[in-house]
Amino acid sequence: MNYNMKKPLISFVIAISLLIIDGCRKDFEATAEHKATYGWEMFEMKDYLQSKEWFSNSIATDKKWKDGYNGLGWSYAILFDLDDTLISPHLHRKTFWNDSICQIWLETNGSLENLPKNLGNLVDQIDIAAQVFWSDPTRHKTGRLNLRKARYDILNNGMGLDKQFNQDIRWAIADRCGQLMFDKTTLYPDAITTLVKLRDNQVRLALVTNGTSIAQREKIRKFNLETYFDHIQIEGEAGVGKPELEAYKKAMKALHVSASETWMVGDNLEWEVIAPQQLGIFSIWRDPRGDGTLPKDTAAKPDMIITKLSELVINF
């Protein structure tokens with residue numbers, strides 16, 4: 001539709017209403033095209049609630065009128081999480097800790113001959129340290145904004161006073177673990193096709209991710225994700241992150257939508273379900289394990305559960 005050629009239709013609609021009410025002229029029945037056109041008028045005026053209503057009325061009048069569907073798509077938005085929603089290293093973190101210890105040990109000692117025999121137990125202790133570290137919300141926030149230090153602290157806590165690993169080696173292992181995770185991270189198979197289909201249907205999309213600008217931008221560039229989103233919001237750049245309510249409000253403001261017009265999709269039940277639901281956002285849990293079963297210890301009640309991203313576009 002050429003918006004530059006459209007003229008305001010407010011007086012036109014008022015006139016139609018008067019004609020219908022006073023009956024002085026032949027009754028005029030607004031068509032699906034009229035209603036969709038007025039919906040676009042409201043959209044240009046940033047009255048998105050009214051535009052959605054008129055697009056819906058257009059479809060109700062004629063279910064085959066494509067411009068009604070096109071407009072309705074523009075009246076909705078989806079906020080996507082990044083890690084373990086669109087992308088993932090697909091392996092447990094213990095694998096990366098194990099591999100990084102072995103690699104650094106080999107590079108430092110020239111062979112794996114004297115590699116500690118208790119490596120399995122050591123990796124288990126590091127994993128327990130990671131669980132403890134990330135379980136605290138305050139520590140989680142400071143840690144994700146300085147992942148290099150967080151990995152070192154986790155490794156240090158897990159290794160304890162083990163004299164086989166000095167400080168320099170521990171830093172090297174922590175850094176290698178981060179690099180291995182980045183290298184192994186890939187897109188979920190249906191991520192791009194889902195985003196493309198949503199964009200083809202004019203759904204506005206935002207990527208809302210926690211973490212530092214450097215770390216998250218590196219992932220975004222790796223998969224060329226900028227092209228699929230109308231708004232990209234990174235905690236380290238925006239100054240606010242999930243589950244702070246202001247993070248969702250900021251993203252919705254950027255997309256010019258209200259909570260009732262917004263979906264949130266992600267794997268974290270606290271960040272992508274419980275918190276956004278407080279604002280009235282339709283919250284979709286993307287189960288990273290793939291079986292669609294909620295953890296027994298959660299109070300979260302997602303509005304929808306998906307195991308594949310493609311489930312979002314079944315009806316498109």
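**Close-up views of a predicted chain**

With a relative accessible area of 30%, Phe282 falls in the partly exposed class. We will come back to this residue in View B. Please keep in mind that everything shown here comes from a predicted model.

**View A. Phe80 and Phe229 meet edge-to-face.** The structure holds seven aromatic pairs. In one of them, the rings of Phe80 and Phe229 lie 6.3 Å apart, centre to centre, with 75° between their planes. This contact bridges distant parts of the chain: Phe80 belongs to strand 1 (residues 77-80), while Phe229 sits in the loop between helix 11 (213-222) and strand 5 (231-234), and 149 residues separate the two. Are these rings buried or exposed? Phe80 has 0% relative accessibility and so counts as buried. Phe229 also counts as buried, because its relative accessibility is 8%, under the 20% limit for that class.

**View B. Trp263 and Phe282 form a tilted pair.** Here the ring centres are 5.6 Å apart and the planes stand at 40°, so the pair is classed as tilted. Trp263 comes from strand 6 (residues 262-266) and Phe282 from strand 7 (residues 282-286), so the contact ties together parts that are 19 residues apart in sequence. Trp263 has a relative accessible area of 28% and is therefore partly exposed. Phe282, at 30%, is partly exposed too.

**View C. Helix 5 and what covers it.** Helix 5 spans residues 93-109, 17 residues in total. From first C-alpha to last it reaches 24 Å, close to the 24 Å expected at 1.5 Å a residue. Which of its residues are buried? They are Phe96, Trp97, Ser100, Ile101, Cys102, Ile104 and Trp105. As a reminder for reading the spacing, residues three or four places apart in an α-helix point the same way, because there are 3.6 residues a turn. The cover over the buried residues of helix 5 includes helix 6 (119-135), helix 8 (147-159) and helix 9 (167-184). Just past the end of helix 5 comes Gly110, with a positive phi near 85°.

**View D. A salt bridge joins helix 5 to helix 6.** Arg93 and Asp127 form a salt bridge whose closest N and O atoms are 2.6 Å apart. Arg93 is in helix 5 and Asp127 in helix 6, so this bridge ties together parts that are 34 residues apart in sequence. Asp127 is buried, with a relative accessible area of 7%, whereas Arg93 is partly exposed at 28% relative accessibility.

**View E. Lys219 of helix 11 meets Asp83.** The structure holds 13 salt bridges. In the one shown, the side chains of Lys219 and Asp83 come to 2.9 Å, N to O. Asp83 lies in the loop between strand 1 and strand 2 (87-88) and Lys219 in helix 11, so the bridge connects parts that are 136 residues apart in sequence. Lys219 is buried, with a relative accessible area of 16%, while Asp83 is partly exposed at 26% relative accessibility.

**View F. Helix 11 and helix 12 are joined by Arg217 and Glu237.** The closest N and O atoms of this salt bridge are 2.9 Å apart. Glu237 lies in helix 12 (residues 235-238) and Arg217 in helix 11, 20 residues apart. Glu237 is partly exposed, with a relative accessible area of 39%, and so is Arg217, with 22%. Elsewhere, salt bridges with shared partners join Asp81, Lys242 and Glu272 into one network.

**View G. Charges sit over two phenylalanine rings.** The charged end of Arg139 is placed over the ring of Phe133, 5.6 Å from its centre. Lys222 lies over the face of Phe182, at 4.5 Å from the ring centre.

**View H. Confidence along the chain.** The average pLDDT is 88, and 88% of the residues score at least 70. Among the elements of the chain, strand 5 has the highest mean pLDDT, 98, and helix 1 (residues 10-22) the lowest, 44. Over residues 1-16 pLDDT stays under 50, and the model has 21 contacts beyond four places in sequence for them. It also stays under 50 over residues 18-25, where the model has four such contacts. Where pLDDT is low, the predicted coordinates should not be read in detail.

Notes. Residues are numbered from 1 along each chain as its sequence is written. This is a predicted model: local features need pLDDT of at least 70, side-chain atom pairs count only at pLDDT 80 or more; totals for chains, interfaces and linings use all residues. Side-chain values use heavy atoms; hydrogens and water are left out. Helices (H or I, at least four residues) and strands (E, at least two) are DSSP runs, numbered from the N terminus. The expected span of a helix is 1.5 Å times one less than its number of residues. Buried means under 20% relative accessible area, exposed over 50%, partly exposed in between (1.4 Å probe, protein chains only). Contact means heavy atoms within 4.5 Å. Rings of Phe, Tyr and Trp (its six-membered ring) pair if their centres lie within 6.5 Å; planes under 30 degrees apart count as stacked, over 60 as edge-to-face and the rest as tilted. A charge sits over a ring if NZ of Lys or CZ of Arg is within 6 Å of the ring centre and within 35 degrees of the ring normal. A salt bridge is a side-chain nitrogen of Lys or Arg within 4 Å of a carboxyl oxygen of Asp or Glu. pLDDT is the predictor's confidence in each residue, from 0 to 100.
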